[in-house]
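Me: I would like a close look at one small part of this protein. Please start there and then work outwards, in short steps.

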Amino acid sequence: MAPNPHPGLTERQTPMFHRKHSTRTANKENTMTETFDRYSIPGMGPRIDAGNGWLDFDFYPEQIAEKVAALRKADREKLIELGGHDTTETFERPVLPIERQLLVHIGFRKLPGDLKTTVQAKRMGNQNHLGYHYTTLEVVYSWPALEDTDARQAPQLPPTDIRGNDLLQSVALVSQVHKQAAIEGMKALDNDDVEMARAWLDAIVAHCEHPVQGGWK
């Protein structure tokens, strides 16, 4: 197969998550630990309010989705083990690496080294298309130690939909997204907000790694 002359714009592109080498930061009490150079995760969908905590997204890159599904399955099984299928139990565990990555993605820049995740069972009533009522066990996540911190959601640029456009039009659409993001980054710099300026630049880099949805005509 001949190499793709336009590797940045493919008709079908598998979302990938790339992480730079981590850095380590510490405060005077040494309560801070590993943080990540990358703020934005390529290929992440927008956050949704599904009642399950901060880390619900419309869609995830494949590798992220697998890890999220695995941790939710394990936590649901633990809750059932503690209280049965009608449980309303709550337990606490150390935050997992995948949760750290997602918390950084939504704007938490430095996380306590001893950060804990609170896992709570919630019974949800539902009704199917035949009118029957049933209940499901939902797992709700929270991070009490972070609730009073001043964190802003990091900017993200979802993949640009290029369906129905030719190559030149597709490139123009992607370039426009980058231009607008760069303008926002410059505004942040004008306001001496270096952290947010860096976050906008990081969002552009993430978008470059997963720039499009669909394919050109």
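Is Asp192 buried or exposed? Please also tell me where Asp192 sits, and what the helices on either side of that loop do.

Reply: Keep in mind that this is a predicted model. Asp192 is exposed, because its relative accessible area is 68%, and the cut-off for exposed is over 50%. Its place is the loop between α3 and α4.

Now look at the backbone there. Asp192 has a phi near 60°, which is a positive value in a residue that is not glycine. Most residues other than glycine have a negative phi. Asp192 therefore stands apart from that general pattern.

Next, follow the chain to both sides of the loop. Helix α3 covers residues 167-190, and helix α4 covers residues 194-209. The two pack with their axes 7 Å apart, at an angle of about 165°. That angle is over 145 degrees, so α3 is roughly antiparallel to α4. The crossing of these two helices is left-handed.

Which residues in the two helices meet? From α3 come Val174, Val177, His178, Ala181, Ala182, Glu184, Gly185, Ala188 and Leu189. From α4 come Met196, Ala197, Trp200, Ile204, His207 and Cys208. Sorted by class, this contact has 11 nonpolar residues, three polar ones and one charged one.

Stay with α4 for a moment. This helix has 16 residues. From its first C-alpha to its last it reaches 23 Å, close to the 22 Å expected at 1.5 Å a residue. The buried residues of α4 are Met196, Ala197, Ala199, Trp200, Asp202, Ala203, Ile204, Ala206 and His207. Set Asp202 beside Asp192: Asp202 is among the buried residues of α4, whereas Asp192 in the loop is exposed. What covers the buried residues of α4? The cover includes α3 and the strand β6, at 160-161.

Take one of these buried residues, Ala199 in helix α4. Its relative accessible area is 1%, so Ala199 is buried. Ala199 also has a partner from another part of the sequence. Pro155 is 44 residues away along the chain, yet the two C-alpha atoms are 6.5 Å apart in space.

That pair leads to the whole chain. How many helices and strands does the chain have? There are four helices and seven strands. Starting at the N terminus, the order is β-β-α-β-α-β-β-β-α-α-β. You can find α3 and α4 there as the two α letters side by side. The chain has 217 residues, and buried residues make up 37% of them. Now count the contacts with a separation of 6 or more. Residues 24 or more positions apart account for 65% of these contacts.

For a comparison, turn to the other two helices. Helix α2 covers residues 97-105. Eight of its nine residues are buried, so α2 is largely enclosed by the rest of the structure. The buried ones are Ile98, Glu99, Arg100, Gln101, Leu102, Leu103, Val104 and His105. Arg100 is a good one to check. Arg100 sits in helix α2 and is buried, with a relative accessible area of 10%. Leu111 is 11 residues from Arg100 in sequence, and their C-alpha atoms are 7.7 Å apart. Just after α2 comes Gly107, with a positive phi of about 125°. Unlike Asp192, Gly107 is a glycine.

Helix α1 covers residues 62-83. How do α1 and α2 pack? Their angle is about 120°, and their axes are 10 Å apart. The two helices are therefore oblique to each other. Their crossing is left-handed. On the α1 side, Ile64, Lys67, Val68 and Leu71 make the contact; on the α2 side, Ile98, Glu99, Gln101 and Leu102 do. By class, that gives five nonpolar residues, one polar and two charged.

One more aspartate helps to finish the picture. Asp75 lies in α1. Asp75 is buried, because its relative accessible area is 5%, and buried means under 20%. Leaving out residues up to four places away in sequence, Asp75 touches Phe91, Arg93, Val119, Val139 and Tyr141.

So, back to your loop: Asp192 is exposed at 68%, while Asp75 in its helix is buried at 5%.

Methods
Residues are numbered from 1 along each chain as its sequence is written. This is a predicted model: local features need pLDDT of at least 70, side-chain atom pairs count only at pLDDT 80 or more; totals for chains, interfaces and linings use all residues. Side-chain values use heavy atoms; hydrogens and water are left out. Axes are lines fitted to C-alpha atoms, for helices over the stretch in contact, and angles run from 0 to 180 degrees between N-to-C directions. Angles under 35 degrees count as roughly parallel, over 145 as roughly antiparallel, 65 to 115 as roughly perpendicular and the rest as oblique. A crossing is left-handed if the near helix is turned anticlockwise from the far one by less than a right angle, and right-handed if clockwise. Contact means heavy atoms within 4.5 Å. Ala, Val, Leu, Ile, Met, Phe, Trp, Tyr, Cys and Pro count as nonpolar, Asp, Glu, Lys and Arg as charged, and the others, Gly among them, as polar. The expected span of a helix is 1.5 Å times one less than its number of residues. Buried means under 20% relative accessible area, exposed over 50%, partly exposed in between (1.4 Å probe, protein chains only).
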